[in-house]
Amino acid sequence: MTEKLKILFLCTGNSCRSQMAEGWARHLKASLIDVCSAGIETHGLNPHAVTVMAEAGVDISHHRSRHLDEFKHSHFDYVITVCGHAHETCPWFPGGSQVIHTGFDDPPKMAKKYEDPEKKLDCYRKVRDEIKAYILTLPDSLINSCM
């Protein structure tokens, strides 16, 4: 049996997109991937992200926003940045970690233009579903992108 891939999803505040990615990876790929998420900063867990993930059957309510420094002595096979800011400021990782950028729109930013709570949540649902589709490609898409 092969060892699980160790993946860190990295975002600016570890409040929404990276949390969704961690949740989906744990839910869909736990047998293949050992996953964590972190932020360049910590913004706290976004309650709308928790809501839309729960709608899809994934509980991330126990997650907490973690700073990248918590993982400075950890080894990851892949560090996946899920927002532009994290990608631009992503530090070097020791031990040969491959840093890959797979950006997703920022749901809180998208939702600002709406008054209606359902339309706001639709922004989160859209990104949730895009992240799920990406997670379903793992780990094959990572391995193939590095060949």
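Is Arg64 buried, partly exposed or exposed, and what is its relative accessibility? In this predicted model, Arg64 counts as partly exposed, at 48% relative accessibility.

**The Arg64 pair**

Arg64 has a charged partner. Glu70 forms a salt bridge with Arg64, and the closest N and O atoms lie 2.8 Å apart. Glu70 is partly exposed too, with a relative accessible area of 42%. Neither residue counts as buried, because that label needs a value under 20%.

**Salt bridges across the structure**

How many salt bridges does a search of the whole structure find? The search returns 12 salt bridges. Three of them are set out here, including the Glu70 pair.

| Salt bridge | Closest N to O distance |
|---|---|
| Glu70 and Arg64 | 2.8 Å |
| Arg125 and Glu118 | 3.0 Å |
| Arg128 and Glu55 | 3.4 Å |

Take Arg125 and Glu118. Their salt bridge has its closest N and O atoms 3.0 Å apart. Arg125 counts as buried, at 15% relative accessibility. Glu118 is partly exposed, with a relative accessible area of 43%. Shared partners extend the picture: salt bridges join Glu55, Glu118, Asp122, Arg125, Arg128 and Asp129 into one network.

Now take Arg128 and Glu55. Their side chains meet in a salt bridge at 3.4 Å, N to O. This pair links distant parts of the chain. Arg128 sits in helix H5 (residues 117-136), while Glu55 belongs to helix H2 (residues 47-55). The two residues are 73 residues apart. Their accessibilities fall into separate classes: Arg128 counts as buried at 9% relative accessibility, whereas Glu55 is partly exposed with a relative accessible area of 44%.

**Cysteines**

How many disulfides does the count give? It comes to 0 disulfides. Cys11 and Cys83 show why. The sulfur of Cys11 has its closest cysteine sulfur in Cys83, 3.5 Å away. Seen from the other side, the closest cysteine sulfur to that of Cys83 is in Cys11, again at 3.5 Å. A disulfide needs the two sulfur atoms within 2.5 Å, so the sulfurs of Cys11 and Cys83, at 3.5 Å, are too far apart for a bond.

Are these cysteines buried or exposed? Cys11 is buried, with a relative accessible area of 5%. Cys83 is buried as well, with a relative accessible area of 3%.

Key
Residues numbered from 1 in each chain as written. Predicted model: local features only at pLDDT ≥ 70, side-chain atom pairs only at ≥ 80, totals over all residues. Heavy atoms only, no water. Buried < 20%, exposed > 50% of the residue type's maximum accessible area, 1.4 Å probe, protein only. Salt bridge = Lys/Arg side-chain N within 4 Å of Asp/Glu carboxyl O. Helix = DSSP H or I, 4+ residues; strand = E, 2+ residues; numbered from the N terminus.
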